[in-house]
Amino acid sequence: MKILIKNIKSLIQTDEQNIEKVAAGRMKTLPSITDAWLAIEDDKIAGFGKMEDWEGISDWSNLTVIDATDKLVFPCWCDSHTHIVYAGSREGEFVDRINGLTYEEIFQRGGGILNSAKRLQQASEDELVQGALQRLNEIMLQGTGAIEIKSGYGLSVEAELKMLRVIKKLKTLSPLAIKATFLGAHAVPSEYKEHKADYIKLLINEMMPIIASEQLADYCDVFCEQNYFTKEETVEILIAAKKNDMIPKVHAEQLSNSGGVLAGVEVGAVSVDHLEYVGDKEIEALKNSDTIPTILPGAAFFLSLPYPPARKMIDAGLPVAIASDYNPGSSPSGNMNLMIALACIQYKLTPEEAINAATINSAYAMGLSKTHGSIAIGKQANVFITKEIPGYSFIPYSFGSNLIETIIINGKVMN
Ligand code: NIG
Ligand code: FE
């Protein structure tokens with residue numbers, strides 16, 4: 001199977017040097033080719049360039065030609081932080097927050113993550129697979145081509161393994177690139193409230209060895225936060241995770257400055273995510289690391305949190321990634337177009353910075369930047385074609401609109 005997309009008004013995020021991430025001032029540039037063509041062979045990008053330099057094609061058999069006059073072509077969005085395997089929904093808590101309760105107060109009453117855990121423990125593997133597949137399909141049509149999915153609504157040996165096996169199944173059922181993350185340390189289950197150390201032992205001694213032997217997770221994450229896990233506990237859990245072949249990630253400084261970034265840098269995390277309460281100390285620590293700061297504008301928006309200092313981090317020389325945090329409690333949307341818009345409108349990222357953050361940098365945050373996140377020869381053919389739009393800034397400008405017309409995943413048109 002071959003696809004030729006021709007007369008592309010602008011081919012966005014082209015790369016000829018296999019860049020793995022972009023930082024600082026370089027985030028303001030978005031390499032693009034105007035009046036371009038893009039060739040796909042089987043599931044890979046086979047070539048691209050300017051129309052005037054196109055030398056034709058010798059073998060027209062099995063070729064689909066798509067005319068993209070006045071349309072833009074992008075590499076699909078990469079979403080490096082989600083919790084899309086869940087049961088039920090939490091709009092009741094949403095209304096409680098409107099009426100004055102805080103996210104923390106709801107958690108203290110046994111709601112929040114514990115509410116989702118109760119429901120997930122009762123759900124069958126099949127129900128969870130079906131629910132997650134629907135969400136994967138929804139975000140694919142919004143342009144997402146690669147995604148990380150976390151456990152963390154199980155909070156028992158049985159239910160955490162169930163979640164991870166569901167994610168493993170999704171890897172075979174969905175055309176999207178999927179990475180799995182073990183987030184057993186998402187909250188302390190009620191029955192361990194008075195002896196958290198025993199729950200940490202359960203994570204390390206019971207869950208991790210099975211996860212490693214069945215290769216159920218690529219990453220391990222911890223919610224480092226007051227009333228969840230301390231900085232020291234985060235480091236302890238993530239060191240154990242590394243011994244079990246999982247790469248660390250951290251939910252850091254979301255509700256307070258609680259040490260998540262420093263813990264992440266200490267253990268060599270691939271990413272630290274959220275970052276609403278990041279200060280200068282954390283920015284300094286990140287400068288001397290390979291850890292990518294990742295902002296989740298949907299969660300900050302939905303919970304009315306202060307904005308993470310994304311502008312300041314980029315100006316300090318750091319790379320920044322964007323992800324959706326799609327989950328039932330703090331970000332019931334996985335729409336990356338909206339996340340990009342929020343980053344531009346609220347955090348003052350330029351469209352170029354936000355698009356870099358949601359493509360190559362988010363691919364880096366889940367170890368996929370060699371195969372996803374840009375238009376490069378040999379990369380996975382996960383691209384989307386927009387409707388007729390004036391330029392890429394029109395995407396965050398028209399927040400809330402669906403401007404994507406055609407989705408191609410692994411070289412196949414999906415819609
Ligand atoms: O990324 N911060 C912790 N975890 C999730 C929220 C999970 C939930 O409320 O269900 C987050 O925001
Ligand atoms: Fe999260």
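This is a short dialogue about how terms are applied to a predicted model.

Student: What makes His 81, His 83, His 251 and Asp 325 donors of the iron ion (ligand 2)?

Tutor: Distance. A donor is an N, O or S atom within 2.8 Å of the metal. The NE2 atoms of His 81, His 83 and His 251 and an OD atom of Asp 325 coordinate the iron ion (ligand 2) at 2.1 to 2.4 Å. These atoms therefore count as donors.

Student: What spacing do the donors follow along the chain?

Tutor: The spacing is H-x1-H-x167-H-x73-D. His 83 and His 251 link distant parts of the chain, 168 residues apart. His 83 is in the loop between β6 (77-79) and α1 (91-98), while His 251 is in strand β10 (residues 247-252).

Student: Why is His 83 called buried?

Tutor: Buried means under 20% relative accessible area. His 83 has 2%, so the term applies. His 251 has 3%, so His 251 is buried as well.

Student: How do you know which residues surround ligand 1?

Tutor: A residue is near a molecule if one of its heavy atoms lies within 4 Å. For ligand 1, 15 residues surround it. The closest are Arg 90, Tyr 103, Tyr 153, Gln 254 and Ser 330.

Student: What makes the pairing of ligand 1 with the side chain of Tyr 103 a polar contact?

Tutor: The cut-off for a pair of N or O atoms is 3.5 Å. An oxygen atom of ligand 1 is 2.4 Å from an N or O atom in the Tyr 103 side chain. That is within the limit, so the pair counts. For the side chain of Tyr 153, the distance is 2.6 Å. For the side chain of His 251, the distance is 3.1 Å. Each of these is also within 3.5 Å, so both count too.

Student: Is Glu 148 buried or exposed?

Tutor: Its relative accessible area is 0%, so Glu 148 is buried. Glu 148 is in strand β7 (residues 144-150). Its side chain makes a polar contact of 2.6 Å with that of Thr 181. Beyond residues up to four places away in sequence, Glu 148 touches several others, among them Asp 79, His 81, Lys 179 and Lys 249.

Student: What makes a set of residues a nonpolar core?

Tutor: Members must be buried, come from a list of residue types that includes Val, Phe and Ile, and join through side-chain atoms within 4.5 Å. The largest such core here has 106 residues. Val 85, Phe 182 and Ile 322 touch the most other members. Helix α6 (residues 196-213) gives the most to this core, with 8 residues.

Student: How do you know that this core lies between domain 1 and domain 2?

Tutor: Domain 1 (2-75 + 374-414) and domain 2 (78-364) both give residues to the core, so it lies between them. The C-alpha centres of these domains lie 30 Å apart. Their contact takes 28 residues from domain 1 and 31 residues from domain 2.

Student: Which residues touch Val 85, leaving aside its neighbours within four places in sequence?

Tutor: Among them are Leu 120, Ile 149, Tyr 153 and Leu 170. Leu 120 is one of the buried residues of helix α3 (residues 113-122). Elements that cover the buried residues of α3 include α1, α2 (103-108) and α4 (125-141).

Student: Why is Met 313 called buried?

Tutor: Met 313 has 0% relative accessibility, under the 20% cut-off, so it is buried. Met 313 lies in helix α11 (residues 310-315). Its contacts outside its sequence neighbours include Leu 275, Ile 283, Pro 293 and Val 320.

Student: Why is Glu 105 called partly exposed?

Tutor: Exposed needs over 50%, and buried needs under 20%. Glu 105 has 38%, so it falls in between. Glu 105 is in helix α2.

Student: What makes the phi of Asp 42 worth a remark?

Tutor: Most residues other than glycine have a negative phi. Asp 42 is not glycine, yet its phi is positive, near 50 degrees. Asp 42 is in the loop between β2 (32-41) and β3 (44-50). At 47% relative accessible area, Asp 42 is partly exposed. Asn 227 also has a positive phi, of about 70 degrees, and is not a glycine. Asn 227 sits in the loop between β9 and α7 (231-243).

Methods
Residues numbered from 1 in each chain as written. Chains lettered and ligands numbered in written order. Predicted model: local features only at pLDDT ≥ 70, side-chain atom pairs only at ≥ 80, totals over all residues. Heavy atoms only, no water. Buried < 20%, exposed > 50% of the residue type's maximum accessible area, 1.4 Å probe, protein only. Helix = DSSP H or I, 4+ residues; strand = E, 2+ residues; numbered from the N terminus. Domains from an automatic or database assignment. Contact = heavy atoms within 4.5 Å. Donors = N, O, S within 2.8 Å, 3.2 Å for Na, K, Ca; no water. Polar contact = N/O pair within 3.5 Å; in protein donor to acceptor, adjacent residues only side chain to side chain.
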